[in-house]
Amino acid sequence: MASSIRIDNVSAGYGSVRVLHNVSLNVAPRETVTLLGTNGNGKSTLIKTIMGVVRPTSGRIVATIDGKDHDLIGKETEEIIDLGVALVPEGRRLFPRLTVEENLLLGAYRPTARARLKDNMAYCYEAFPRLAERRAQLAGTMSGGEQQMLALGRALMSAPSILIVDEPSVGLAPLFVSRTIDMIAQLKERYHLTVLMAEQNFIQAMRIADKGYVIVHGEIAFRGESPEEMQQSDLIRQHYLGM
Ligand SMILES: Nc1ncnc2c1ncn2[C@@H]1O[C@H](COP(=O)(O)OP(=O)(O)OP(=O)(O)O)[C@@H](O)[C@H]1O
């Protein structure tokens, strides 16, 4: 059964600094939604709030998984991962001096994920045969594109139904950006995932997104129900397409 996530009127920040202001956003089952925003507008803060790292001051975040609603606010990050929400963090956050396989094992440190370790490792190597070939290679010696593949693989180690990817294109050469975006689309199809992807690269993000939101100064400034609608927005034309 496919999963979805609904964010209602969430406000959050750091100490007395409020970063998110009444943010509402929906990702329907099997949808790929992109959250566009330039640096410092609150994309990562929203993602950290979904993952239980930042505690919101108000609002609701509900993930519907296998037909059951779960309030995410107040849950620990580990519980959220256990429910089936996985994050690929910005900058990948791999352990460069550990091997590919060791990095993957770290994606399955929770007891529930450990119990399914063999299956999930097989699942991950099936999704990325390149990682299987390179299982003994140190992560830090791989190309940027391969590292992004490993970061995606590590997220798959918890067998998620909702995949959240924070700026996958950051720091990658253009060819690897499009390959990474293609990989996310393929994973989504193959494993019936629901995907929320923060991005600044509008053209690449919209190749795979069904719809999108633009966040400006912590507020949703625009919501487009289709790539076409997104493309027609003045905000997007000015800030993302240079028109
Ligand atoms: N740990 C923190 N403590 C205080 N302020 C923070 C912290 N992390 C982020 N901020 C502030 O919150 C705002 C939003 O940052 P956030 O990282 O969510 O933006 P972003 O859209 O993801 O941008 P980027 O692409 O640069 O990560 C910024 O003004 C930033 O300075």
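1. Let's start at the ligand. In this predicted model, 13 residues surround the ligand, and those that come nearest are Tyr14, Asn39, Lys43, Ser44 and Thr45. By character, the shell splits into 7 polar, 3 charged and 3 nonpolar residues.

2. As for who supplies that shell, β2 (17–27) and α1 (43–50) each give at least two residues. The most comes from α1, with 3 residues.

3. Helix α1 is also worth following away from the ligand: α1 lies across β3 (32–36), β6, β7, β8 (194–199) and β9 (211–216), and runs at about 150° to β7.

4. Those strands belong to an open, mixed sheet of 6 strands, ordered β6-β7-β8-β3-β9-β10. Its edges are β6 and β10 (219–224); each has a single partner strand, so one side of each lacks a neighbour in the sheet. On average, neighbouring strands are turned by 20° against each other, direction ignored.

5. At the β6 edge, the pairing of β6 with β7 is parallel and covers 4 bridges. Here Val88 sits opposite Val165 in β7. Helix α7 packs on the sheet as well, touching β6 and β7, with its direction at about 165° to that of β6.

6. A quick geometry check on α7 (residues 144–156) comes out well: at 1.5 Å a residue its 13 residues should span 18 Å, and the end C-alpha atoms are 19 Å apart, which agrees.

7. Finally, α7 is mostly covered, with 10 of its 13 residues buried. Among them are Gln147, Gln148, Met149, Arg154 and Leu156. The cover over the buried residues includes β6 (85–88), β7 (162–166), α3 (100–106), α5 (117–127), α6 (129–133) and α8 (174–191).

How values were computed: Residues numbered from 1 in each chain as written. Predicted model: local features only at pLDDT ≥ 70, side-chain atom pairs only at ≥ 80, totals over all residues. Near = placed C-beta within 6 Å. Nonpolar A, V, L, I, M, F, W, Y, C, P; charged D, E, K, R; others polar. Expected span 1.5 Å × (residues − 1). Buried ≥ 20, exposed ≤ 12 C-beta atoms within 10 Å, placed from the backbone. Contact = placed C-beta atoms within 7 Å. Pairing = 2+ DSSP bridges. Axes fitted to C-alpha atoms, helices over the stretch in contact; angles between N-to-C directions.
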